[in-house]
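Subject: A structure for you to look at

Hi,

Here is the structure I promised to pass on, with the sequence alongside. Have a look first, and then read on for what turned up.

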Amino acid sequence: MTEGRMLLAEYFLTESQAVIMIANPDDPEPELVAVPHTLRDVRAHVAQLTGTLESAPRRPEALGRVTELLSDPLLTDLVEPVANRLGPGDRVWLIPHDALHRVPLHAVGSELAGHSVAYAPSASVLRYCRGNRGGRRQRALVVADSPGGAELMLGPAQAELLTGLFKTETLAGEGAVSGELVRRVGGADILHVCAHGVFDAAAPMRSGVILADGLFTAERFLKLKLSRTLVVLAACRTGVAAARPGDELLGLVRSVLHAGAPAVLVSLWIVDELATTMLFRHFYERLVAGERAVDALRAAQERLRVTTAGDVLAYLESVAPLLPAPAAARLLIAEARIRLMAADFGRAVAACDAALETVGESAVRRSAQTIRQRALLHAGSEPPNPGRAVYAHPYYWAAFVLIGDWY
């Protein structure tokens, strides 16, 4: 990637218009751009978008509506003025406002395609994050596969990935407890948590990730010493926060950054576990090669967008030996889902049948039955296509955002 400038764009929504302040290092002062979209309209649109994204795991047909909402002029008009001021190799920090904190602005239309995008809660927090910047990342602490997240399948695969790239300590199973996390995190350049995420809208500082001994909340993250530690929360909705007057955001992001982390990678909605695991596989490979975190994330997202069904099936085969026996049925469900997306309906049915023979978990049985019914319904409608890019939709590749320093 050509080395370019780092621009900053800060949004402010009002009752009459949206204002974007764009700071370009080549200009003596920031530029103000007014866009004729109101706070009320943006809030209503974002409510539709977030609701549709949250329903996507249950309703695959919702993905079409997500595409429409992300391509709507109400959002593209807000991104276009920023994109128009970017040159080859330029990166951008986006500081959203109000409802825009829930929007993957980097995935709105195609305006920011090819540019690395980082986010920040505010310019002052951004300055604080840059002051906590560390050096070369060599040591990682991985928290994965806790019993509190028993239905997660790929925690061991994520742990194995980092073990192959960094000097890694792993807290897994019954050992993935809060006391060990607190004790060991001080020496880590990277903290990677693969667990279930919980967002509590009524008490956002009680949002957190589920470890073997219970919920590790935002309140507890606030007490960690995370200076120079890149924090990756590979869980659902870890980037969702509750807004208070003055656009003060409460939740995991606030706690992690105030604990000293220069940056945190978090998700904006309920994520697909397999797509997430493959995204971080690409991200860490680029990171260990020396790329900046913001560039590694962009490259990983671009790679995920073109990942084919054949690529995913090969990956599932490669990680199968790492997974415990109880994960066998969930692995078959993952295979069936990918084969369904690739129109390989016969093999999707076979994978579901195999899962139904080996599993006793009711949720997994329901998934197998649902996928099987869909495969039978569409059988013969089109030929199998193992070259189909199964994660091209923003739901899969755009969920994670880097908040804080971009280094």
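In strand β15, alanine 263 is the bridge partner of leucine 230. That pair belongs to the contact between β15 and strand β12 (residues 230-234), where three bridges join strands that run parallel. Please keep in mind throughout that this is a predicted model.

What lies beside β15 apart from β12? Strand β16 (residues 400-404) is joined to β15 by five bridges, and these two strands run antiparallel. Within that pairing, valine 264 stands opposite isoleucine 403 of β16.

How many of the residues of β15 are buried? The strand covers residues 263-267, and five of its five residues are buried. Both faces are covered: Ala263, Leu265 and Ser267 are buried on one side, and Val264 and Val266 on the other.

Another set of strands to look at is an open sheet of three, in the order β9-β10-β11, with antiparallel pairing. Its edge strands are β9 (197-198) and β11 (214-217), each of which pairs on one side only. Between β9 and strand β10 (residues 208-211) there are two bridges, in the antiparallel sense. Here valine 198 has glycine 208 of β10 opposite it. As general background, strands of a sheet pair through backbone hydrogen bonds, either parallel or antiparallel.

To find your way around the whole chain, it helps to know the domains. The chain is divided into domain 1 (6-119), domain 2 (135-306 + 394-404) and domain 3 (309-378). The centres of domain 1 and domain 3, taken over C-alpha atoms, are 36 Å apart.

Next, a pair of helices. Helix α9 (residues 273-288) and helix α11 (residues 309-319) have axes that come within 12 Å and cross at roughly 85°. The two helices are therefore roughly perpendicular to each other, since angles of 65 to 115 degrees count as such. Which residues meet there? From α9 they are Leu274, Thr277, Met278 and Arg281, and from α11 they are Asp311, Val312, Tyr315 and Leu316.

Just along the chain is alanine 289, in the loop between α9 and α10 (293-305). Is alanine 289 buried or exposed? It has 64% relative accessibility, so alanine 289 counts as exposed, the cut-off being over 50%. Its C-alpha atom is separated by 9.6 Å from that of leucine 165, although the two are 124 residues apart along the chain.

Now to the charged side chains. The count of salt bridges comes to 23. One of them joins arginine 85 and glutamate 31, at 2.8 Å from N to O. Arginine 85 lies in the loop between α3 (73-83) and β4 (91-95), and glutamate 31 in strand β3 (residues 31-35), so this pair ties together parts that are 54 residues apart in sequence. Arginine 85 is partly exposed at 26% relative accessibility, and glutamate 31 is partly exposed too, with a relative accessible area of 32%.

Glutamate 61 and arginine 59 also meet in a salt bridge, at 3.5 Å from N to O. Glutamate 61 counts as exposed at 53% relative accessibility, while arginine 59 is partly exposed at 38%.

There is also a network of salt bridges, which links Glu169, Glu180, Arg183 and Arg184.

I have kept aspartate 189 for the end. Where is aspartate 189 placed? It is in the loop between α6 and β8. Aspartate 189 forms a salt bridge with arginine 139, and the closest N and O atoms are 3.5 Å apart. The pair links distant parts of the chain, 50 residues apart, with arginine 139 in strand β6 (residues 139-144) and aspartate 189 in the loop between α6 (178-184) and β8 (190-194). Arginine 139 is partly exposed at 41% relative accessibility. Aspartate 189 has 12% relative accessibility, so it counts as buried, the cut-off being under 20%.

Leaving aside residues up to four places away in sequence, aspartate 189 touches Arg136, Arg137, Gln138, Arg139, Arg228, Thr229 and Leu230. The Leu230 in that list is the bridge partner of alanine 263 in β15. From C-alpha to C-alpha, aspartate 189 is 9.7 Å from alanine 261, with their positions 72 residues apart in sequence.

Enjoy exploring it!

Best wishes

Definitions and conventions. Residues are numbered from 1 along each chain as its sequence is written. This is a predicted model: local features need pLDDT of at least 70, side-chain atom pairs count only at pLDDT 80 or more; totals for chains, interfaces and linings use all residues. Side-chain values use heavy atoms; hydrogens and water are left out. Two strands pair if DSSP finds at least two bridges between them. Helices (H or I, at least four residues) and strands (E, at least two) are DSSP runs, numbered from the N terminus. Domain bounds come from an automatic or database domain assignment. A salt bridge is a side-chain nitrogen of Lys or Arg within 4 Å of a carboxyl oxygen of Asp or Glu. Buried means under 20% relative accessible area, exposed over 50%, partly exposed in between (1.4 Å probe, protein chains only). Axes are lines fitted to C-alpha atoms, for helices over the stretch in contact, and angles run from 0 to 180 degrees between N-to-C directions. Angles under 35 degrees count as roughly parallel, over 145 as roughly antiparallel, 65 to 115 as roughly perpendicular and the rest as oblique. Contact means heavy atoms within 4.5 Å.
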